[in-house]
Amino acid sequence: MKILACGDVVGKKARKMLIEKIPELRQKLGLDLVVLNAENAAHGFGITEDMCKAFFAAGVDVLTMGNHTWDKRDIVSFIAVEPRLIRPANYPEHTPGNGFCEVTLQDGRKAAVIQLMGTLFIDPLDNPFSYMQKWLEQHILTQGYQAIVLDFHAEATSEKMAMGHFCDGKVSLVFGTHTHVPTADAMILDNGTAYITDAGMCGDYHSVLGMKAPEAVLRFTDRIRSEHLSPAEGEPTICGVYVETDDYTGLATKIEPVRIGGRLASAVPMC
Ligand SMILES: [Fe+2]
Ligand SMILES: [Fe+2]
């Protein structure tokens, strides 16, 4: 299976760029599955129903969220009826929406996408490792799924790397999100799981995590907590990873970084 997983999309320009580029990437790379973290799609905070529909129409299969899931309150009713929009699975029981989504490809192959949120320096949710352990007992690679993808939305690199190793050999890809900076550690772990600590954001990197720098800098220099953080408006970079998996084992055979447009050094997968 050929998979593209992209990190947190921040604001309108990045949304527009992804909507333009995803159909092209799907075709050029022969993608079977596209996963996008969209917790910052709506001006940096959450996502709306219309935005979700635009991403799905452009060829995104699953949208994942994170600590900004509920920033746009209207999403509470939409997430309850849209299985392709998922939020961290380790939220308390009865939280609206689902933490995982099953995708059936046109040729019948199946993938599962799950999202978990870390608990170090971020919201205090249920232990993501315990949750994943139980989930993996019910969802086994090669038994019903050709691929399993985990978006681990976490702050601490240690927690993310630990999750990668915890899942090694049991899922196809663990990609980190939330920190909005791509890490240079895309690799295949010993037991066949593709891993990256953070996929990076889809947004303008001449910014602080995708938001205009001057207001964001004030939070550090003057300890002024401005309410007016807004997305930077330079050319965005699409960031993520391209992964190929073996349909028989479900494990990864290739992982390459993806960086397209904007200020970062370009990285386009060679197929
Ligand atoms: Fe984010
Ligand atoms: Fe986040």
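**A mixed open sheet and the core around it**

In this predicted model, six strands make up an open sheet of mixed pairing, arranged in the order β5-β6-β7-β8-β10-β9. The edges are taken by β5 (100-104) and β9 (187-188); each has a single partner strand, so one side of each is left without a neighbour in the sheet. At one of these edges, β5 runs antiparallel to β6, and five bridges join the two strands. One residue pair can be named here: F100 has I114, in β6, as its bridge partner. Helix α5 (residues 157-167) packs on the sheet, where it touches β7 (147-153), β8 (173-177) and β10 (194-196). The direction of helix α5 makes about 165° with that of β8.

The sheet can now be placed within the whole chain. The chain contains six helices and twelve strands. Along the principal axes, its C-alpha atoms fill a box of roughly 55 × 40 × 35 Å. For 271 residues, a compact globule would be expected to have a radius of gyration near 18 Å; the value for the chain is 17 Å, which agrees with that expectation. Contacts between residues distant in sequence are well represented: among contacts with a separation of 6 or more, 64% link residues 24 or more positions apart.

The interior is considered next. Of the 271 residues, 49% count as buried. The largest nonpolar core has 76 residues, and those with the most contacts inside it are A5, L36, V113, V149, L173 and V241. Strand β6 (residues 110-117) supplies the largest share of this core, six residues. This is the strand that five bridges join to β5. L36, one of the residues with the most contacts inside the core, illustrates how such a position is surrounded. Leaving aside residues up to four places away in sequence, L36 touches C6, V9, L18, F55, V60 and L63.

A residue of another setting is L136, which is found in helix α4 (residues 128-138). L136 has 17 C-beta neighbours inside 10 Å; because a residue needs 20 or more to be buried and 12 or fewer to be exposed, L136 counts as partly exposed. L136 also shows how the fold brings together separate parts of the sequence: the C-alpha atoms of L136 and K170 are 7.5 Å apart in space, although the two residues are 34 residues apart in sequence.

Note on methods: Residues numbered from 1 in each chain as written. Chains lettered and ligands numbered in written order. Predicted model: local features only at pLDDT ≥ 70, side-chain atom pairs only at ≥ 80, totals over all residues. Helix = DSSP H or I, 4+ residues; strand = E, 2+ residues; numbered from the N terminus. Core = buried A, V, L, I, M, F, W, Y, C linked by C-beta atoms within 7 Å. Contact = placed C-beta atoms within 7 Å. Rg over C-alpha atoms; globule rule 2.2 N^0.38 Å. Pairing = 2+ DSSP bridges. Axes fitted to C-alpha atoms, helices over the stretch in contact; angles between N-to-C directions.
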